[in-house]
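Work through the exercises below with the structure open. Try each task before reading its solution.

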Amino acid sequence: MRGLAADMHNCQALIIDANPTSRSILSGMLQDLGVTTVVQAGKLADARKVLENRVFDVVLCDYHFDDSAVSGQDLLEDLRRAQILPFSTVFVMVTAEASYAKVAEAAESALDSYLLKPHNSHSLAERLHLARHRKKVLKHIFQAIEEDDFEHAAKLCVSRFNKREEYWLYAARIGAELLLRLGRHDDARQLFEAIRQAKALPWAKLGIARAHMEAGQHGPAKRTLESLISDNPTYADAFDIMGRAQLEQGDFEAAFETYQRAVDITPSSIGRLQKLGMMAFYLGKTDIATRMLERATTLGVSSKMYDYQTLVMLAQMRFEKKDSKGVQRCLDTLSHAFDKQQNSGRLRRLLQTVQVLQQMQHRQVAEVVRLVKSLSDDMSEPDFDFEAACNMLGLLARLKATELELPDADGWIQKLAARFCVSKASSELLACTARLHPPYEEAVRVGHASIGTLAEQAMTHALAGSPGSAAKSLFMQGAKTYNAKLLDLADMVLNRYREQIPDANSLAEMIQELRGRYCRHGAHVQLGKNAARQSGGLRLKS
């Protein structure tokens, strides 16, 4: 006990429990063990806010909350999925016998611990001692991660796994995450495969699917996920990744159904409610979209898990219903958020989009035109992304539906299509946003076909023995449109025929410079800002 007290000195702990007596008892136990700072929260919503703004060494959380449909486990999974809770934090779930099996399984998969009721100082000390011991044993790995030396940290993890040294399974999971971060998708997949063979765990199989996804191998990813879901039908993280695979393949209805199943499993997950609501929005299922996005807003508008794109979608649907008060509420919330982050180009564009809708409701046409032109000026900026393109298209379609004529609208739509029609999925989502005005919807599809024609013509040159001309043609069109597909093809041709292209190195540098600035997400389709946060992943730095 004395050794642990010394080890816990200066640690910060958070206790989450609805019962003040239980909180008091746990606080006393922690202080007896040497913890000097103990913060208490009686509600999960309060705990979420605290955890989003402070890092704790130890979190003790009760599993069951009488006044809430959300459990402590739901909170933990939401925090892990959003990568808000550092893996260096020891999260101990306090549980009764009835929920022991669920918590024990979750503790293993999420690399956390649990404390069975009735508990005493000795049992708590034992759990904390083991967790702190693990931190010491893996100190060199954690240190390399904090120093951003991910290559060295990954090597240490793989070495510990191969030698089956203490905490080899824990180290292997961190190592696989590091390999994914480094873009070494095949190495990550092989490590996840080795983990699964050594000890069949759902998160290892999910990791295999994630590695396939990152490598663009949607078929193998879906097969792995289908098997995982069959064996673990309530494993919500698997549905998240399956939905992403279906989305990127353009199977939107299937993605919608998959996201619906994830929400059914975790009905209070802010991120999953938003994902389902956004997918419903694109598919024109406005009643479902409104219900899901409003629930996400009620649960967590002040949470870091909340995506402000939700308010733009809600504002567009409320605009269609002529709900001026609803649009104003969206505008007020976005204005408050922008006041805190005035250097955010993304928030400025989201705010301006809703301002256009609000001004249009008041028939302030001159101000509407000014704001739309301001948004159009951003269309060639590096940070003007797929989300911004969808919002712009949706805005133009809604303005056209109100019979507002914008002379430059057709040119703007052609420009958006030329830049963001990079795949079947991206083109169809763009078309969905413009469905209120069919000619705009058709213009997007024409743009997709034009990009396909440019790509085919260039590849014909390459196959006919002129790879240099093909690469330069693709690069020139990519530089003109900032289209990720054209630049990716230019890079592919260059790499395949490098020896036949005299100025290959200089051309490669120019391609990489453009891709780095304008095509950060490549041909991937995303639903909202937080889509890149991987379900099943770990936060690597505190």
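Four exercises on helices and loops follow, all on a predicted model.

**Exercise 1. Length and faces of a helix**

Task: Check the span of helix H22 (residues 409–420), then find where its buried residues lie.

Solution:
- Step 1. H22 has twelve residues, and at 1.5 Å a residue they should span 16 Å.
- Step 2. The end C-alpha atoms of H22 are 16 Å apart, which agrees with the expected span.
- Step 3. List the buried residues of H22: Ala409, Trp412, Ile413, Leu416, Ala417, Arg419 and Phe420.
- Step 4. Look down the axis of H22. The buried residues fall within an arc of 165°, so they line one face of the helix.
- Step 5. Recall the general rule: an α-helix has 3.6 residues a turn, so residues three or four places apart point the same way.

**Exercise 2. A helix pair**

Task: Describe how helix H15 (residues 270–282) packs on helix H16 (residues 286–300).

Solution:
- Step 1. Two packed helices are described by the angle between their axes and the distance between the axes.
- Step 2. The axes of H15 and H16 cross at roughly 155° and come within 8 Å.
- Step 3. Angles over 145 degrees count as roughly antiparallel, so H15 is roughly antiparallel to H16.
- Step 4. The crossing of H15 past H16 is left-handed.
- Step 5. Find the contacts. H15 residues that meet H16 include Ile270, Leu273, Met278 and Phe281. On the H16 side, the residues include Ile288, Met292, Arg295 and Leu299.

**Exercise 3. A second pair**

Task: Repeat the analysis for helix H24 (residues 438–463) and helix H25 (residues 467–481).

Solution:
- Step 1. H24 and H25 pack at an angle of about 160°, and their axes are 6 Å apart.
- Step 2. That angle makes H24 roughly antiparallel to H25.
- Step 3. H24 and H25 cross in a left-handed way.
- Step 4. H24 makes the contact with Leu454, Ala455, Ala458, Met459, His461 and Ala462. H25 contributes Pro467, Ala470, Leu474 and Gln477.

**Exercise 4. Positive phi in loops**

Task: Place Lys322 and Tyr482, and decide whether each is buried or exposed.

Solution:
- Step 1. Most residues other than glycine have a negative phi.
- Step 2. Phi of Lys322 is positive, near 60°. Tyr482 is not a glycine either, yet its phi is about 65°.
- Step 3. Lys322 sits in the loop between helix H17 (309–320) and helix H18 (324–340). Tyr482 sits in the loop between H25 and helix H26 (484–496).
- Step 4. Lys322 has a relative accessible area of 72%, so Lys322 is exposed.
- Step 5. Buried means under 20%. Tyr482, at 19%, is therefore buried.

Technical notes: Residues are numbered from 1 along each chain as its sequence is written. This is a predicted model: local features need pLDDT of at least 70, side-chain atom pairs count only at pLDDT 80 or more; totals for chains, interfaces and linings use all residues. Side-chain values use heavy atoms; hydrogens and water are left out. Helices (H or I, at least four residues) and strands (E, at least two) are DSSP runs, numbered from the N terminus. The expected span of a helix is 1.5 Å times one less than its number of residues. Buried means under 20% relative accessible area, exposed over 50%, partly exposed in between (1.4 Å probe, protein chains only). The arc is that of the directions from the helix axis to the C-beta atoms. Axes are lines fitted to C-alpha atoms, for helices over the stretch in contact, and angles run from 0 to 180 degrees between N-to-C directions. Angles under 35 degrees count as roughly parallel, over 145 as roughly antiparallel, 65 to 115 as roughly perpendicular and the rest as oblique. A crossing is left-handed if the near helix is turned anticlockwise from the far one by less than a right angle, and right-handed if clockwise. Contact means heavy atoms within 4.5 Å.
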